[in-house]
Amino acid sequence: MRLSWLYPHAQGRAGKIGVIHLSARQSSGLTYGIGGIVKGAADGSVGAEKRFTCECARDLREAVSGAGGNEVFATGRLDGEGRVCTVKVMARGNDGAVPAIYGPDGDEGGMPDVLIHNHPGGFLSPSDNDLLIAARAAEDGIGSYIVDNDVSAVYVIAEPVRGKNTVRLQAASIIAQLEEGGAIAKRLPAYENRAPQLDLMRLIVRAFNEDSLALAEAGTGVGKSFAYLMPALSFASLNNERVVISTATITLQQQLFEKDIPLVNSALPKRVKAVLVKGRGNYLCRRRLNDMLNQSQLDLDFATEEAEFRAIVEWTSATGTGSRSDLPFAPQESLWSRVCSDADNCMGLRCYAREDCFVMRLRREAADARILVVNHHLLFADLAARRDGAGYGSTVVLPPYRRVIIDEAHKTENSATSFFTGQFSSPGLFRRLARLFRQRGARKSGLLVRLAAILPSGEDGGDWQAETEKIYEAAEELNRQALDLCGEGVFRLVPARDRLITERLLPYIEKTRRLLLRFTGKASALVETVEENQAERTASEDLLWELRSALRRLQKLCGVCSVFIEYRDHPLEAVWVERRHSVRADGGDWALFNTAPVSIAEHLKEALFEANRTVICVSATLTLSGSFNYWMSRTGIDMAKTVEGAAKPVLNGIFPSPFPYERAVLTAVPSDAPDPNGRDFQNFVDEAVFRLAEASGGSALALFTSFESLNAAYRNAAPRLEALGIRCLKQGADDRSRLLRAFIEDESSVLFAAESFWEGVDAPGGTLRLVVMCRLPFKSPNDPIFEARSENIERLGGSPFMDLSVPEAIMKFRQGFGRLIRRTDDSGAVVILDSRLLRKRYGSLFLQSLPKTRYCFECLDTVVRRVAF
């Protein structure tokens, strides 16, 4: 992949915007400008012999000469005396600018020690861009030098941090903390000595000490959190390195940050700073809130919205975090989306509210922390940005890091896929256009209106109203056509539908893209006009920055349109349109255009497993039949290589649950259950769920694979169970957290749930004594990404069902089973109403994936009797 970045040349060089081509794999996303127009000699320069070996100075001098005396950018390594002993030329520019390209994957391994570039004019004082680059690089301990063309003088902008040896963890002393009488063990109210936990900790210590990748399947009750927190915090403290801990659920994030990390910190000789980092959409944006307040009319649709808006304004003066979770009420999404921090609208350091910005404050805290607790979405958003050109040595979504722990790692593929995708929709397009130009009555506003006011005399800003109206009309027609094709679901672009696609979709996408490209082209030309006028450019730098940012986002939407138009040339991407419902009551449906890679293995291999020194993946469900092969092949960890090209070592281990499943759990399958695809199956489910819940006296979780089946079973069972004093709860009747709280607080209740409730439900004790899985959790074959992946497996000669459908279903099946036993003294039954477990050959694979329990494979009447408590 090649990226084009637009950056202005440094001061003293009037004229064009530089178009700099950067390598997506290595780029830091920054560009050096010329050394400047300076007065007099550059103070602070020293003789090159103090900073370079003779051989290295000669090599760099020859590289500059070979580039015609233009700017050259190189990275260097230091010898034992602190002199640059090797250089690697990364880019060549002109006499005023050069791409700054560096990353962790050089030939020597790891990040370089120093960045080097020359100033052809011989004046070595750094430009503003030089200082910016140097500051960013210094965050990772990298120094920055400027040299003349003869490499006889050196200006040191930032001293490199001399490399130090990693302090190894002492496994015995760390493990002792969790053994009986240890510092952590003493602080745990219900301590149990768990051999699998200590074995898991040994594996994690090795991964840190050996700069390795590691996979660990830790059964429920092993205590995986403490097994990785002790080594992680110890390593961060000893080496002053940042460790990122990523989870899939908010519940686990909060447990780690609020309970487990403080407990581990209390046992360490030196406290390690930890910060919980949430996505920017969780935080209020003061500027967007003020913009709404300053509108002559608030443009709020409902009285409820206006009341909530006033409450948010009042809350703003009191909140210390600006976090949505700290609000005393749950705001409507339609309102919060207009006042929260948003990447498309963020002005960064150019924002007038930056000193009080909640996101900036969080980033400062994160930059100072050595433990970052994040969710998978935030981690993969950061990795995707780094892979796409932002580089690995500076702050992007997160500060730079080299050590990662992924808990709930079975979610890796699904979580990562969404951040290596492209999306386009009319609401998103209209929002971006409105930032550039909008008109209400006679009033015009937007970035382009502000730009028109500073254009040189005689320059016409253009009729932006006419331009945007054409785009709106084209996008609305595209939206209508796409919704017709979607029906009530999804429309995937495949060659078999080529005629339909060519006639009813592509012409409208092509028209929308054409109008967008014309719009961005005209706007970019105006930006360039202002750039050419030094005085106007200096006075309007903030405006130009915002415009370039907004135009790049529109160009990115054009890129998604291009993939749709050329979908036949992208066989390894899923390309589809899906119907979405507006959160606003009067919003109407809209079409979301998506592109996603069929496989993310290559993306993760490069962005996660090769770019970091240590990556530890932990979950209760990573193996199939005792092997990590399936998960490894899906995520690309088995393809990761060192900088020398050798396979990166992957440590692994399976750490079984200490819980007494054989004594405490009954696994049952009614032998008289009808075929799940038959007409009688739903009736059987409806009656079976009622009878089982009645027999257990409630305390049950009924898991479904569709809301249609869930609703049918609920309608049948709820009135009858309620009459027996058993409360029935249903997914969708309230938000997830409140439902779970109600379920846990009422021990006799029954929760009817689907999808996300197959995992992440932690209800120990008498609250949950029965789990009913109504059907094996096979993924819908109509899911566009799943469908594309199945086709790719078939093309490669595999079996989509056995190589994808069954493994995915087993992983989820194991998660559902894991809801039952959460403590040593828990007990109960898991009943699966799907007879394919007994009648199909692959059924044994599901049963073999579970720990050994007691079994009952008899008729429903017998199962009900066995379940009765």
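A residue is called buried here when its relative accessible area is under 20%, exposed when over 50%, and partly exposed in between, with a 1.4 Å probe and protein chains only. The structure is a predicted model, in which local features need pLDDT of at least 70 and side-chain atom pairs count only at pLDDT 80 or more, while totals for chains, interfaces and linings use all residues. Residues are numbered from 1 along each chain as its sequence is written, and side-chain values use heavy atoms, with hydrogens and water left out.

The predictor's confidence in each residue is its pLDDT, from 0 to 100. The protein has a mean pLDDT of 86, and 90% of its residues reach 70 or more. Residues 1–43 stay under 50, and for this stretch the model has 141 contacts (heavy atoms within 4.5 Å) beyond four places in sequence. The pLDDT is also below 50 over residues 105–109, a stretch with twelve contacts in the model beyond near neighbours in sequence.

Aromatic rings come next. Rings of Phe, Tyr and Trp (its six-membered ring) pair if their centres lie within 6.5 Å; planes under 30 degrees apart count as stacked, over 60 as edge-to-face and the rest as tilted. The structure holds 17 such pairs. In one of them, Phe424 and Phe593 meet edge-to-face, with 5.5 Å centre to centre and 65 degrees between the planes. Phe424 belongs to strand E16 (residues 422–425) and Phe593 to strand E21 (residues 589–597), so this pair ties together parts that are 169 residues apart in sequence. Helices (H or I, at least four residues) and strands (E, at least two) are DSSP runs, numbered from the N terminus. Both Phe424 and Phe593 are buried.

A further edge-to-face pair is formed by Phe813 and Phe846, at 5.3 Å centre to centre and 85 degrees between the planes. This pair links helix H28 (residues 800–817), which holds Phe813, with helix H30 (residues 843–848), which holds Phe846; the two residues are 33 apart along the chain. Phe813 and Phe846 are both buried, and with Phe778, Phe801 and Tyr842 they form one aromatic cluster.

Rings also take part in contacts with charge. A charge sits over a ring if NZ of Lys or CZ of Arg is within 6 Å of the ring centre and within 35 degrees of the ring normal. Arg720 has its charged end over the ring of Phe690, 3.7 Å from the centre. Likewise, Arg736 lies over the face of Phe757, at 4.5 Å from the ring centre.

In soluble globular proteins, nonpolar side chains tend to be buried together. A nonpolar core is a set of buried Ala, Val, Leu, Ile, Met, Phe, Trp, Tyr and Cys residues joined through side-chain atoms within 4.5 Å. The largest core has 51 residues, of which Val277, Leu379, Leu608 and Phe609 touch the most other members. Helix H12 (residues 376–390) supplies the largest share of this core, five residues. Leaving aside neighbours within four places in sequence, Val277 is in contact with residues including Leu362, Leu372, Leu378 and Leu398. Another core, of 49 residues, lies apart from the largest one, and Leu436, Phe437, Leu506 and Ile565 are among its members.

Leu608 and Phe609 are also among the buried residues of helix H21. Helix H21 (residues 601–609) is mostly covered, with eight of its nine residues buried. Its buried residues include His603, Lys605 and Glu606.

Strand E24 (residues 665–668) is covered on both faces: Val665 and Thr667 on one side, and Leu666 and Ala668 on the other, are all buried. Two strands pair if DSSP finds at least two bridges between them. E24 runs parallel to strand E29 (residues 828–832), joined by four bridges, and Thr667 has Val830 as its bridge partner there. E24 also pairs in the parallel sense with strand E30 (residues 854–856) over three bridges, where Leu666 stands opposite Arg854.

Ile654, in strand E23 (residues 650–655), counts as partly exposed because its relative accessibility is 39%. Beyond four places in sequence, Ile654 touches Glu217, Thr623, Gly626 and Phe628. Ser625 is in the loop between strand E22 (614–619) and helix H22 (629–635). Ser625 is exposed, with a relative accessible area of 68%, and has a positive phi of about 50 degrees although it is not a glycine.
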